[in-house]
Amino acid sequence: MKICITSKSNEPDSDIEPRFGRAPYFIIADTENGKLEAIENPAAGATGGAGIQAAQEVAKMQADVLITGNVGPNAYEVLSTAGIEVVTTSGVSVKEGIEQYNKGTLEKVSGPTARAHAGMGRGQGRGGRK
Amino acid sequence: MQTTPAVDMITTETPNMKITVASGKGGTGKTTVAVNFFLSVPKTSLLDCDVEEPNSNLFLHNDLKKVKEVTIPVPVIDEQKCEHCGKCADFCNYNALAALPQKVMVFSDLCHGCGGCSLVCPNDAISETGRSIGNIERSLSGQFHTGLLNIGEAMASPLIKELKTYAGENTVIMDAPPGTACPMITTVEDTDYCILVTEPTPFGLNDLKLAAEVVREMKIPAGVVINRAGVGDGGVEEYCHQTGLPIIMEIPYDRRIAEVYSEGIPFVETMPQWKEKFLQMFETIKEAVR
């Protein structure tokens, strides 16, 4: 099984990034061989639709589970269509997040946990308009 | 006997210009300037391009009639033909498409209607359908048109572009959206002159600078109208002198203007001497465009 975790850096000891679409890195943990792989999120700097593109990337990696802080409505729609389970946690490292998931202490979410554009910071909500 | 061609007639006639009324900061008085200017200068028409919150008609009180529903083309995926290659999603700059291994998802709200996805699709699996973004309405006389963006809609620019095709033959005054983003640029582009309305405060100055830089970049001649002159400080004047931006009118901070504004009355109607000032401003603009 493949677990994808949003990360602030490409190191498994770094903190989990609470934003999904604009997370700088994804760390993929393969539970079969214990391998960890860091991938830069191509959507991190998108002008709009970051969650959609990020979700598409996670689907491309064929992840079964996503561990992150929050997901917006569009990202959630893509992830659920792709059949990816979404679980949330906060304030832990990537490694700890994986342990939490394996112990079964993380709860699966059944809908978006943040509104659209929540991960964009102040005053940037509509930057990509034509 | 020979007749002389009517050359003189032509040269003395008003050239038909496209004049935008813009500002960096919101609430500086764009609509006040646009509406009073329109009412003061004969043979002009007015377009309210602030389609997210058009308010010119609050002062004109026209009965408006819908003339067009504006749509933008958005993709429809034929799942029978789609081979999930992902080229459409890779192409889309706005992430309006998500290509999953078994399905392509369309997020119409993010689509800018460029049509690129259907061009890059190798299987001809993408067709287009219209998505309504808003309406264009006109006054009975046809001298006034306004765009009205649907509530919650983000794509203002395609509606503004369509609205601008209703400019007609006369000199047209366009009330622009505030700011310096795409809707403002769409309004200002391909126009002959831009009136930048500001207030003489540090806030007004900050946003005037942004708007002035935009029109300078677009190579559109511009002049400044200082509204609520008398409040604030001298920063705007100083900036205009330093950068050679002409101040083409000053509207004083006057209780009488504020009172008629609050009643939805353009101030040239109660203070007709201002019509003359707007006509003078029109002459200044004609000179600058020439």
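The exercises below work through a predicted model of two protein chains, each with a step-by-step solution.

Residues are numbered from 1 along each chain as its sequence is written, while chains are lettered from A and ligands numbered from 1 in the order in which they are written. Because the model is predicted, local features need pLDDT of at least 70 and side-chain atom pairs count only at pLDDT 80 or more, whereas totals for chains, interfaces and linings use all residues; side-chain values use heavy atoms, with hydrogens and water left out.

**Exercise 1. Describe the interface of chain A and chain B, and state which element of chain A gives the most to it.**

Step 1 concerns area: chain A and chain B bury about 1,700 Å² between them, 58% of it on carbon and sulfur atoms, where buried area is the accessible area (1.4 Å probe) that two parts lose on being put together, summed over both.

Step 2 turns to pairs across the interface. The rule finds zero salt bridges there, a salt bridge being a side-chain nitrogen of Lys or Arg within 4 Å of a carboxyl oxygen of Asp or Glu. It does find four residue pairs in polar contact, both at pLDDT 80 or more; a polar contact is a pair of N or O atoms within 3.5 Å, and within protein one must be able to donate a hydrogen and the other to accept it, with residues adjacent in sequence counting only if both atoms are side-chain atoms.

Step 3 assigns the side of chain A to elements. Those that give two or more residues to the side touching chain B are helix H1 (50–60) and helix H2 (73–81) of chain A, and H1(A) gives the most, with five residues. Helices (H or I, at least four residues) and strands (E, at least two) are DSSP runs, numbered from the N terminus.

Step 4 counts residues: the contact takes 18 residues from chain A and 19 residues from chain B, contact meaning heavy atoms within 4.5 Å.

**Exercise 2. Determine how far H1(A) is enclosed, and what its buried residues pack against.**

Step 1 applies the accessibility classes: buried means under 20% relative accessible area, exposed over 50%, and partly exposed in between (1.4 Å probe, protein chains only). Since 10 of the 11 residues of H1(A) are buried, the helix is largely enclosed by the rest of the structure; among the buried residues are Gly51(A), Ile52(A), Gln56(A) and Glu57(A).

Step 2 lists the surroundings, which comprise S1, strand S2 (25–30) and H2 of chain A together with helix H4 (87–91) and strand S4 (97–99) of chain B.

Step 3 looks past the helix, where H1(A) is followed by Gln62(A), whose phi is positive, near 60°.

**Exercise 3. Compare the settings of Lys2(A) and Asn41(A).**

Step 1 places the residues: Lys2(A) lies in strand S1 (residues 2–7) of chain A, whereas Asn41(A) lies in the loop between strand S3 (36–40) and H1 of chain A.

Step 2 gives their exposure, Lys2(A) counting as partly exposed at 28% relative accessibility and Asn41(A) as buried at 5%.

Step 3 follows the side chains. That of Lys2(A) reaches the backbone oxygen of Met61(A) at 3.3 Å, and that of Asn41(A) reaches the backbone oxygen of Ala23(A) at 2.9 Å.

Step 4 adds neighbours, not counting residues up to four places away in sequence: Lys2(A) touches residues including Ile28(A), Asp30(A) and Gln62(A), while those touched by Asn41(A) include Phe20(A), Tyr25(A) and Ala54(A).

**Exercise 4. Examine salt bridges within the chains, and explain the spacing of Glu259(B) and Arg255(B).**

Step 1 is the total, which comes to 13 salt bridges over all chains.

Step 2 takes a pair in chain A: Arg19(A) forms a salt bridge with Glu17(A), the closest N and O atoms being 2.9 Å apart. Arg19(A) is partly exposed at 33% relative accessibility, but Glu17(A) is buried, with a relative accessible area of 5%.

Step 3 takes Glu259(B) and Arg255(B), whose closest N and O atoms are 2.8 Å apart in their salt bridge. Because the two are four residues apart in helix H10 (residues 255–262) of chain B, they are separated by about one helical turn. Glu259(B) is partly exposed at 37%, and Arg255(B) is exposed at 65%.

Step 4 considers Glu287(B) and Arg290(B), a salt bridge with closest N and O atoms 3.0 Å apart; Glu287(B) is exposed at 52% relative accessibility, and Arg290(B) is exposed at 67%. Elsewhere, salt bridges that share partners join Lys8(A), Glu17(A) and Arg19(A) into one network.
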